[in-house]
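Student: I'd like to learn how to read a model like this one, feature by feature. Could you walk me through it?

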Amino acid sequence: MKKIFSLFAVAIVAFCTPCLLLSASATGTTEALDPESLRGTTLYVYNWGEYISDGSEGSMDVNKEFEDRYGIHVEYTNFTSNEDMYAKLISGGANYDVIIPSDYMIERLIKEGLLAEINFDNIPNYQYIPDEYRDLYFDPENKYSVPYTFGMVGLIYNTTMVSEAPDSWEAMWDEQYSGQILNFNNPRDAFGIAQFLLGLDINSENPDDWQAAYDKLAEQKPLVQSYVMDEIYNKMENGEAALAPYYAGDFLMMVDNNPDLAFVYPKEGTNVFVDSMCIPANAQNKAAAELYINFMLDTDIATANANFISYGCPHTGVQENPDYEWYGNEILYPESVDFETDYFHNLSDETLSLMTSLWDDLMIEGGSNTAVYIALIVVVVAVIVIAVVFTIRKKRRSNLDD
Amino acid sequence: MKTKKNILLKVYAALIFIFLYAPIAVLIVFSFNESSSTAQLSGFSLKWYQELFRDSATLSALQNTLVLAVLSSLISGVLGTVSAVGIDSMRNKRLRNMTKSVTNIPLMNPDIVTGISMMLLFVFAGRLLGQSGVLGFPTMLIAHITFCLPYVILSVLPKLRQIDPHLSEAAEDLGCTPLQAFFKVVLPAIMPGVVTGVMMAFTLSLDDFVVSYFVSGPASQTLPIRIFSMTKKRVTPDMYALSTLLFLAILILLILINFAQARGDKKEKKTASKKSSADY
């Protein structure tokens, strides 16, 4: 259901592209920001669900804090995926002031001129962003984005269910765990694992590479219990599966409910992501957006968010704060990264559609699409035939009665 | 033989009820769970209910959803009843059937088509008026009224069929204006159909995600959108608490309506039996 939905969301994008609002990105004004002049205005923030400290379980309500501090009303809404967010943004029907997409989506938004340049004079807290999270590939000159979270995918395993602690993606292909392996129900992440295992480039534009990764996944399929996304929480906490790949930050939540779980970054390498705060080109309240981004980088605010989200926080003030819940956490902040890491890049349309169709093939058990269609047609024809036969019989009978 | 059949019947009924209510029962049980895990029951607590009332984003989403559902069901109730009366009074049979099918098409239309077409329409209209960012609460309200309308018409039309067409003529004979005849005679007679339609519209509007997602703006988010967007992390247990409360509210509402209807039926029977005894 969700996948179909995303597909459609992307389809509308194709629909709307001609009527795109390509407003020129605002030229950086150099005058200093005066928060007082923004009092009483409204700021529209568009973010992932559960991706900000919202006051639950004794945490800080960050949006309310911003409202109290500056008198700017925050309208906060959520999206479910980068693609859905993109569809909404490009429709031109809704103007947001701050959005928090992921790396490859930012690359695409910049390319299409949908983001405004941020005036960094208004964001003095940018000083807290560590060097390794500046000049990222999707925004090499640091003009459009301010990092919010980062993280890596790793292998989660149940120590009571594996014979030895895994250190490689190869464990997910190990036959002794047949029926106890979970994999991502999302093509990019699932293909990524196979590509790292095979030593291929995860951003390859070569169809053969994708075919090789597909073959690897098809080989794994008989061993896989199911392809999941957030159901993984229940399955791993409940001990229903032995091995599953997922994000490090989410593992920290799971291990709270099931101490038997453990986590490892496989030696072949893994995917790393960064979600960053950006300002869309058609933002109506850019000054307040910059004020908000700067506010989100205040050490106490960033700490509250980092505690809540439990993903990595690219902020020196937070990482050095001993009160931070994940202070010095080995999983979020590994001391040495002696394996390969790579970002997902925005793939070309051809590669994207190749990946999608390979994924569909994988999901319908190696059978070709035509078989499904033929079965459907047979069912429809059968129903029609039965209906026709019945009506004819009925008519004959009523004729006989006459 | 007969008792055997009876037992089978009961088992079958029990299975159906389990099938229908087991998910809700599980949801209610886990809303009282101590931990955030849906794997283990670790103890009874009202923690998630407290969390719910502290969660300002969810509460404002709930408020938006309820306001939207109430407004759209009432407006579509009024519009739908008026349209049903209009369709019913059409003399030309062919035209009437055609109008009926046309109003039924949106009913069969997939939500996603409704949602996308509505969004395109709103954005297009907004552009004609020289405005960007038209999507918001008003567009959501219009969209919800649109997809609720056919359901109201569908539940009111049969009721109109059932009543004697001479009733309103009789009322007019006795001195009512046509408007008075409608409000005093026709409307009370079709009221059950209107109530059913409005309730259906209310629940449809309450849980709609797809259409709302496309036509919502940067403000006034509804509850289904909020819950759906939690799938990046996980659905928090205070949503179980909220769903439990919503379920109870709907249950109480249904029981009240059933009571009211049962009482109305009784009254009708009484007056009917009185009348018939008076006739003889």
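## Reading the model, feature by feature

Tutor: Let's start with one residue: B:H166 sits in helix 7 of chain B, which covers residues 166-173. Keep in mind throughout that this is a predicted model.

Student: Okay. Is B:H166 buried or exposed?

Tutor: The idea is to count C-beta atoms around the residue, with 12 or fewer within 10 Å meaning exposed. B:H166 has 9 such neighbours inside 10 Å, so it counts as exposed. You can also place it by distance: its C-alpha atom is 43 Å from that of B:L246, and the two residues are 80 apart along the chain.

Student: Let me try another one. Where is B:K184, and how many C-beta atoms does it have within 10 Å?

Tutor: B:K184 belongs to helix 8 of chain B, residues 178-207. It has 12 other C-beta atoms within 10 Å, and is therefore exposed. That count is right at the cut-off, since exposed means 12 or fewer.

Student: Which residues does B:K184 touch, leaving aside its neighbours within four places in sequence?

Tutor: With those set aside, B:K184 is in contact with B:A171 and B:C176. For a long-range reference, take B:R54: it is 130 residues from B:K184 along the chain, and their C-alpha atoms are separated by 47 Å.

Student: At what angle do helix 7 and helix 8 of chain B cross?

Tutor: For a helix pair, look at the axis distance and the crossing angle. Here the axes of helix 7 and helix 8 of chain B come within 9 Å and cross at roughly 125°. That angle makes helix 7 of chain B oblique to helix 8 of chain B. The crossing of the two is right-handed.

Student: Which residues make that contact?

Tutor: On the helix 7 side of chain B they are B:L167, B:S168, B:A171 and B:E172. Helix 8 of chain B brings B:P178, B:A181, B:F182, B:K184, B:V185 and B:V186. Sorted by class, the contact of these two helices of chain B has seven nonpolar, one polar and two charged residues.

Student: How do helix 3 and helix 6 of chain B pack?

Tutor: Read this pair with the same steps. Helix 3 (residues 56-88) and helix 6 (residues 137-162) of chain B have axes 6 Å apart and an angle of about 45°. Helix 3 of chain B is therefore oblique to helix 6 of chain B. Their crossing is right-handed. In this contact there are 17 nonpolar residues, eight polar ones and one charged.

Student: Now some backbone angles. Which sign does phi of B:S220 have?

Tutor: A phi plot is the place to look, and you'd check whether the residue is a glycine. B:S220 is a residue other than glycine with a positive phi, near 45°. It lies in the loop between helix 9 (210-215) and helix 10 (223-229) of chain B. With 23 other C-beta atoms within 10 Å, B:S220 is buried.

Student: What is phi of A:N142?

Tutor: Phi of A:N142 is near 55°, again a positive value in a residue other than glycine. A:N142 is in the loop between helix 4 (103-111) and strand 4 (145-158) of chain A. Its 16 C-beta neighbours inside 10 Å make A:N142 count as partly exposed.

Student: Let's zoom out. How many helices and strands are there in chain A?

Tutor: Chain A has 13 helices and 10 strands. Its C-alpha atoms fill a box of roughly 90 × 60 × 45 Å along the principal axes. Of its 402 residues, 41% count as buried. For the fold's wiring, take contacts in chain A between residues at least 6 apart in sequence: 78% of them join residues at least 24 apart.

Student: Which domains does the assignment give for chain A?

Tutor: Domain 1 is 2-144 + 279-330, domain 2 is 151-272 + 354-363, and domain 3 is 377-402. Over C-alpha atoms, the centres of domain 2 and domain 3 of chain A are 52 Å apart.

Student: Last one: how many residues of each chain are in the contact between chain A and chain B?

Tutor: Interface size is often given as the accessible area lost when the parts come together. Counting residues instead, chain A gives 35 and chain B gives 34. On the side of chain A that touches chain B, helix 1 (2-16), strand 1 (42-48), strand 2 (73-79) and helix 7 (232-237) of chain A each give two or more residues. Strand 2 of chain A gives the most, with five. By class, this side of chain A has 13 nonpolar, 14 polar and eight charged residues.

Methods:
Residues numbered from 1 in each chain as written. Chains lettered and ligands numbered in written order. Predicted model: local features only at pLDDT ≥ 70, side-chain atom pairs only at ≥ 80, totals over all residues. Axes fitted to C-alpha atoms, helices over the stretch in contact; angles between N-to-C directions. Helix = DSSP H or I, 4+ residues; strand = E, 2+ residues; numbered from the N terminus. Parallel < 35°, antiparallel > 145°, perpendicular 65-115°, else oblique. Left-handed = near helix turned anticlockwise from the far one by under 90°. Nonpolar A, V, L, I, M, F, W, Y, C, P; charged D, E, K, R; others polar. Contact = placed C-beta atoms within 7 Å. Domains from an automatic or database assignment. Buried ≥ 20, exposed ≤ 12 C-beta atoms within 10 Å, placed from the backbone.
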